[in-house]
Amino acid sequence: MKPILSKQDLLDSISFCVIVPTYNNQKTLKRVLDSILDFTSNIIIVNDGSTDETGDILKQYSQLTQIHHPKN
């Protein structure tokens, strides 16, 4: 009989990366990133030339891999 793994044990046993594309998402970006961080810190954020406060929010997540395009 196989042991049953919890969801967290299952997530810990596999390697994965979450890619978050963003463009002018200042209203939801922090909430999205914080919820992903509950599961993994292996996150790549692609800022596609945002012109709102997205860049300022991303400064709070300097530990994450970020790619910034100057223009959408």
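Hi everyone, let's start inside the structure: Val20 sits in strand β1, which covers residues 18–22. Strands here are DSSP runs of E with at least two residues, helices are runs of H or I with at least four residues, and both are numbered from the N terminus.

Before I go on, a word about the source. This is a predicted model, where local features need pLDDT of at least 70, side-chain atom pairs count only at pLDDT 80 or more, and totals for chains, interfaces and linings use all residues. Residues are numbered from 1 along each chain as its sequence is written, and side-chain values use heavy atoms, with hydrogens and water left out.

Back to Val20, then. Is Val20 buried or exposed? Val20 counts as buried, because its relative accessibility is 8%. For these words, buried means under 20% relative accessible area, exposed means over 50%, and partly exposed is in between, using a 1.4 Å probe and protein chains only.

Which residues does Val20 touch, leaving aside its neighbours within four places in sequence? Val20 is in contact with Leu29, Leu33, Ile36, Ile43, Ile44, Ile45 and Val46, where contact means heavy atoms within 4.5 Å. Take Val46 from that list: 26 residues separate Val20 and Val46 in sequence, yet their C-alpha atoms are 6.1 Å apart in space.

Now let's look at the core. The largest nonpolar core has 10 residues in all: Val20, Leu29, Leu33, Ile36, Ile43, Ile45, Ile57, Leu58, Tyr61 and Leu64. At least two of these core residues come from each of α2 (29–37), β2 (43–48) and α3 (54–59). Helix α2 gives the most, with 3 residues. By a nonpolar core I mean a set of buried Ala, Val, Leu, Ile, Met, Phe, Trp, Tyr and Cys residues joined through side-chain atoms within 4.5 Å. As background, nonpolar side chains in soluble globular proteins tend to be buried together.

Two more core members are worth a stop. Ile57 lies in helix α3 and counts as buried, because its relative accessibility is 12%. Leaving aside neighbours within four places in sequence, Ile57 is in contact with Gln26, Leu29 and Lys30. The C-alpha atoms of Ile57 and Gln26 are 7.3 Å apart, with the two positions 31 residues apart in sequence numbering. Leu64, with the same kind of neighbours left out, is in contact with Leu37, Ser41, Ile43 and Ile45.

Next, the residue just before Val20. Ile19 is also found in strand β1, but Ile19 counts as exposed, because its relative accessibility is 56%. Beyond its neighbours within four places in sequence, Ile19 is in contact with Ile44 and Val46.

That brings us to Ile44, which has its place in strand β2. At 25% relative accessibility, Ile44 counts as partly exposed. Setting aside neighbours within four places in sequence, the contacts of Ile44 are Cys17, Val18, Ile19, Val20, Thr65 and Ile67. Pro21 is 23 residues from Ile44 along the chain, and their C-alpha atoms are separated by 8.4 Å.

One backbone detail for you: Asn24 has a positive phi of about 50° although it is not a glycine. Asn24 lies in the loop between β1 and α2, and is partly exposed, with a relative accessible area of 28%.

Let's zoom out to the whole chain. How many helices and strands does the protein have? There are 3 helices and 3 strands, and from the N terminus on they run α-β-α-β-α-β. The radius of gyration is 15 Å, well over the 11 Å that the globule rule gives for 72 residues, so the protein is more spread out than a compact globule. That radius is taken over C-alpha atoms, and the rule is 2.2 Å times the number of residues to the power 0.38. Along its principal axes, the C-alpha trace spans about 55 × 20 × 20 Å.

Finally, some totals. Buried residues make up 24% of the 72 residues. Among contacts between residues at least 6 apart in sequence, 55% join residues at least 24 apart. Thanks for listening, and I'm happy to go back to any residue on screen.
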